[in-house]
Amino acid sequence: MVTQLVVITGPSGVGKGTLKQRLLEELQLPESVSATTRSPREGETNGVEYHFLSREEFEKRRASDQFLESAEYAGNLYGTLRDEVENRADGARAVVLEIETRGAEQVRDRVSDAILIFISPPSPEELRRRLVGRGTDSPEQIERRLGEAERELSLQDEFDLVVINDDLESAVSELVQAVRGKLR
Ligand code: ADP
Ligand code: 5GP
C-alpha cells in the first residue's frame, strides 16, 4: 500500500472518535469512512459517519475482496473498503482508520508500516460511565460492548503504542506527538 495508515483502536466508549477528530484537525489528515451493517443512529447520514449496507451487500463485497479488513462486532459487521482508503488518500501523507481490535489486528498483519495505536480507559468503571453518558446505545448494546471491552483490553500490548485517555488534552497531545514521530 502506498499511503501510510494510522489505526486508532480500543474499546467502544473509550474516546477513539473524539481523539481521532482531534488528530485529523491537528495533522490535517483524511479519514476512511467505514462500512457497517449497523442501523444509523439519530443524526447519522449515509456516506458521512458510515456507508450503511445491508448484510447481504456487505457479504457480497467481502466475497469479492473489497475490504482491507472486516469484523463482526456486537452483532454487526464493520469494515474498511479498499477503494475508500485509496480515494481518500489523494496525495495525503496518511489516512486514519478508527476500528475495533479484530480489524486492527488484520491491518497489522497485512500492512507492514501501519501505525497502530490502542486507546485505553483510565478504569473499567470510567469506560462504563462514558458509554452510558454518550447516550447513543441501548442498555443491551452497552452490556455487549463492555463484554467485548474485556477481551479487547487484554490485547493492548499487541499494538505500537497505548494511550490512556484520562485527561483529554493530555491524550490528544500524546497521540499527535506519537503519530507525527512515526509518519514516513
Ligand atoms: P468511542 O469512539 O471510542 O466509542 P467516543 O469518542 O464516542 O468513544 O467517546 C465516548 C464518550 O466519552 C463521549 O461522550 C465523549 O465525549 C466522552 N469522552 C471522550 N474522551 C473523554 C475524556 N478524556 N474524558 C471524559 N470523557 C471523554
Ligand atoms: P459504533 O457502532 O459505535 O459506531 O462502532 C462500534 C465499533 O466498531 C467501534 O469500536 C468502532 O471503532 C468499530 N469500527 C468502526 N468502523 C470499523 C471498521 O471499518 N472496521 C472495524 N473492524 N471496526 C470498525
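## A salt-bridge tour

Start by selecting Arg-82 and Asp-65: their side chains form a salt bridge, with the closest N and O atoms 3.2 Å apart. Arg-82 sits in helix α3 (residues 82-89) while Asp-65 is in the loop between α2 (55-63) and β4 (67-73), so this pair ties together parts that are 17 residues apart in sequence. Switch on a surface and look at both ends. Arg-82 is partly exposed, at 29% relative accessibility, and Asp-65 is partly exposed too, at 49%. Keep in mind that you're looking at a predicted model.

Next, go to helix α1, which spans residues 16-27. Pick Glu-26 and Arg-22 there: they make a salt bridge whose closest N and O atoms are 4.0 Å apart. How far apart are these two along the helix? They are separated by about one helical turn, because they lie four residues apart in α1. Glu-26 is partly exposed, with a relative accessible area of 39%, and Arg-22 is partly exposed at 22%.

Now select Arg-145 and Asp-137, whose side chains meet in a salt bridge at 3.7 Å, N to O. Are these residues buried or exposed? Arg-145 counts as buried, at 5% relative accessibility, and Asp-137 is buried as well, with a relative accessible area of 14%.

Leave that pair on screen and add Arg-38, Arg-41, Glu-44 and Arg-134. Together with Asp-137 and Arg-145, these residues are linked in a network of salt bridges.

Want to keep going? The structure holds 24 salt bridges, and the pairs on this tour are among them.

Technical notes:
Residues numbered from 1 in each chain as written. Chains lettered and ligands numbered in written order. Predicted model: local features only at pLDDT ≥ 70, side-chain atom pairs only at ≥ 80, totals over all residues. Heavy atoms only, no water. Buried < 20%, exposed > 50% of the residue type's maximum accessible area, 1.4 Å probe, protein only.
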